[in-house]
Each structure stands twice: as C-alpha cells, then as structure tokens.
Amino acid sequence: MKTVQQEVDERTHLTSSNQFELLLFKLGKDKVLGQSELFGINVFKIREIVAMPEITPIAGASPYALGVVNLRGQVIPVLDLPAIVGCTPEKLNILLVTEYARSTQAFAVESVEDIVRLDWKQVLSAEASGAAGKLVTSIARLDGNKDGSRLAQVLDVEAILQMVSPSATADVDPNQVGERLQLPPGAIVLAADDSFVARSLIEQELQLLHAPCEITKSGKEAWELLNAIAQSAAAEGKSVRDKVALVLTDLEMPEMDGFTLTRNIKQDPRFSGLPVLIHSSLSGSANEDHVRSVGADGYVAKFAAQELAETIRRVLSASR
C-alpha cells in the first residue's frame with residue numbers, strides 16, 4: 001500500500017509529464033435532458049473533502065451562498081454549486097473545500113465519484129470544441145481519444161466566483177498597475193489562459209500598462225504561436241526576443257499545461273533568454289517549487305493587479 005508521502009510525490013511528478021489528477025463529482029440532474037453528468041476540478045485545488053456539516057445561513061447573502069461553516073478553526077463560505085451550474089440534486093451530501101487564488105471556499109455537491117489521472121492532451125478547450133459555456137473551461141475525455149469516451153466538464157472557478165461575487169474579480173483598477181511598461185519597439189507580451197474571465201483581466205491590465213499582447217486559450221496554442229513567431233523572426237534576420245518580450249502563462253490548460261509550455265521554451269535554444277512568468281490560481285509552496293523546477297522566471301498568484309504588474313516589471317528588468 002502506498003504511503004501518503006508516496007502519493008504526494010507521485011502527484012508532484014505529474015507536472016513533469018503534462019499530466020494532472022481530476023476530481024470527479026456529480027451535482028444532480030440538469031434541466032435540459034434530466035441527466036446527472038460528471039464535473040471536475042483539479043485535485044491540486046482541493047484542500048479536503050468532508051461530509052456535509054452544519055451550515056450557518058448568512059442574512060442577505062447571494063442566492064448561491066448557503067452560508068458558512070466553522071471548519072478546523074476557520075470560517076469558510078459555502079457555495080451551492082448545483083444551483084450555480086443549473087442542476088437539481090437529490091441531496092447535498094459533500095463539501096469540496098478548495099484553495100483558489102489565495103482564498104478558501106467550499107462547494108456543496110451531491111456526490112464525489114472518483115479521482116482520475118489524465119494527460120492534458122485528453123482535455124479539449126470548451127471554446128475550441130464548440131461546447132463553450134460560461135462556467136466550463138474544458139471538456140475531459142476520461143477514456144482517451146476514442147468514440148464513446150465518458151466526458152467530464154472542467155469548471156471555471158474564476159467565472160463561478162465572479163458570478164457569485166462580482167466584486168471578487170472586478171475590473172482592473174488603473175491606480176494599481178503603475179506606470180506603463182517599457183517594451184522593445186514591436187515586441188509583445190504573449191499570454192495563455194483557458195479562463196475567459198482571467199483572459200479579460202489580463203488583457204485589461206496589459207492595456208493599462210500600454211503593453212501590446214496576444215492572448216491564447218491554451219499552452220498548445222501559445223506554443224504554436226511562439227513557433228510561428230520564431231519562424232517569422234528568423235526570416236527577417238531577427239531573434240524571438242525582438243518580437244516577444246515576455247510569456248505569461250497559466251498552469252491548468254487543455255492540451256498542454258503551463259509547466260510543459262515553460263519547459264519547452266526553456267529547453268529550446270531559439271528562445272534563449274525569453275522570460276516566462278507563471279500566473280496561476282494554484283497557489284502554495286508546492287506549486288512554487290514546481291515553477292522553479294521547470295525554469296520559470298517568476299510566479300504570481302491570481303489575481304492581484306498590483307502584484308502582477310510589479311512582477312512583470314521585475315522579470316523584464318532581470319532579463320535585459
């Protein structure tokens with residue numbers, strides 16, 4: 001039998017192979033077909049799973065907020081995930097306690113089904129596959145790329161939190177980002193993030209910083225664009241650094257995650273000296289250790305406009 005440390009080590013090493021673990025759960029029957037579908041959240045976001053404790057309702061709270069629970073000395077807000085997604089559960093039995101972007105919240109769900117280990121290549125962008133929904137970033141093919149594979153919807157936690165508490169992901173405050181960036185003429189910031197909400201906030205911030213940008217929906221899309229830029233630069237007798245000042249990448253993305261994207265960039269001589277900044281909701285010391293192991297030039301947790309701007313300036317300054 002595996003020890004807890006062995007399991008932790010295995011999960012840590014997944015980041016070196018473009019793999020991750022997805023917690024699968026059900027929320028009840030949907031309103032369209034009356035079926036109970038599978039949903040998923042990256043295991044790295046889950047702090048713990050507990051049987052439904054006593055919840056204290058809060059006066060005047062959002063319709064999607066069930067109240068708060070006192071768990072291990074911490075008062076944690078509880079969100080009604082079936083109501084948010086539009087499902088009807090038989091009963092809310094389980095709390096998923098999550099750590100996301102330096103905040104803790106619990107999601108009430110009907111049942112937890114499994115934890116599956118997947119390659120990010122088994123996960124398709126919801127937008128790219130034509131299945132885009134406001135709360136879903138991607139579709140996981142649980143049985144691989146074959147007909148009839150079971151599908152799970154990977155939820156966009158950023159969009160969910162914005163829906164429940166719009167102030168949590170409000171527009172970027174111009175007073176927080178500081179002075180404009182000084183990029184080489186003609187150079188851009190290349191960003192990658194699978195969340196529509198995150199891309200919108202990143203774009204706002206870069207516009208306030210007067211930084212031209214290209215924003216992609218996955219690590220694979222960013223890698224392909226970067227290769228096209230490299231070919232264009234070579235044809236013009238220039239280097240990639242003449243055209244790209246910085247790569248800003250999320251970690252959790254369909255087809256190719258941010259760890260793999262960063263590793264690809266750092267191991268390719270064409271991109272020598274190109275700084276990579278990881279911008280992720282997967283906060284915590286373990287993930288920061290992973291960032292260092294793949295050679296990223298910096299890490300900043302989502303979404304703090306001032307900290308992001310300061311970190312971009314520091315990384316750009318160090319790369320000159």
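How many Å² does the protein chain expose, and what share of it do carbon and sulfur atoms supply? The exposed area is about 15,100 Å². Carbon and sulfur atoms supply 50% of that area.

**View 1. The whole chain is a predicted model built from helices and strands.** The protein chain holds nine helices and 17 strands. Of its 320 residues, 50% are buried. Now take the contacts with a separation of 6 or more. Residues 24 or more positions apart account for 62% of them.

**View 2. Confidence varies along the chain, and residues 1-9 have pLDDT under 50.** The mean pLDDT of the protein chain is 85. A value of 70 or more is reached by 88% of the residues. Over residues 1-9, the model has three contacts beyond four places in sequence. Where pLDDT is low, predicted coordinates should not be read in detail.

**View 3. Strand 7 (residues 94-100) pairs with strand 3 and with strand 8.** Strand 3 spans residues 46-51 and runs antiparallel to strand 7. Five bridges link strand 3 and strand 7. Look for Glu48, which stands opposite Val97 of strand 7. Strand 8 covers residues 103-109. Strand 8 is also antiparallel to strand 7, with seven bridges between them. Here Ile94 has Val109 of strand 8 as its bridge partner. Why is strand 7 described as largely enclosed by the rest of the structure? Six of its seven residues are buried, so the rest of the structure largely encloses strand 7.

**View 4. Five strands form an open, parallel sheet.** Read the strands in the order 14-13-15-16-17. The edge strands are strand 14 (213-216) and strand 17 (298-301). Each edge strand pairs on one side only. Neighbouring strands of this sheet are turned by 20° against each other on average, direction ignored.

**View 5. Strand 15 meets strand 16, and helix 5 packs on the sheet.** Strand 15 (residues 244-249) and strand 16 (residues 276-280) run parallel. Three bridges join strand 15 to strand 16. Val247 has Val276 in strand 16 as its bridge partner. Helix 5 (residues 196-208) touches strand 13 (188-192), strand 14, strand 15 and strand 16. The direction of helix 5 makes about 175° with that of strand 14.

**View 6. The largest nonpolar core has 50 residues.** Which of these residues touch the most other members? They are Phe25, Leu81, Ile160, Leu277 and Ile312. Helix 9 gives the most to this core, with six residues. A second, separate core has 18 residues, including Ala230, Val244, Met256 and Ile265.

**View 7. Leu277 touches residues well along the chain from its own position, such as Leu246 and Val315.** Residues up to four places away in sequence are not counted here. The partners of Leu277 include Val247, Leu248 and Thr249. Gly298, Tyr299 and Val300 are also among them. So are Leu308, Thr311 and Ile312.

**View 8. Thr311 sits in helix 9 (residues 305-319).** Is Thr311 buried or exposed? Thr311 has 7% relative accessibility. The cut-off for buried is under 20%, so Thr311 counts as buried. Leaving aside neighbours within four places in sequence, Thr311 is in contact with Leu277 and Val300.

Terms used:
Residues numbered from 1 in each chain as written. Predicted model: local features only at pLDDT ≥ 70, side-chain atom pairs only at ≥ 80, totals over all residues. Heavy atoms only, no water. Helix = DSSP H or I, 4+ residues; strand = E, 2+ residues; numbered from the N terminus. Buried < 20%, exposed > 50% of the residue type's maximum accessible area, 1.4 Å probe, protein only. Contact = heavy atoms within 4.5 Å. Areas by Shrake-Rupley, 256 points an atom, 1.4 Å probe, with all protein chains shown as cover. Core = buried A, V, L, I, M, F, W, Y, C linked by side-chain atoms within 4.5 Å. pLDDT = per-residue confidence, 0-100. Pairing = 2+ DSSP bridges. Axes fitted to C-alpha atoms, helices over the stretch in contact; angles between N-to-C directions.
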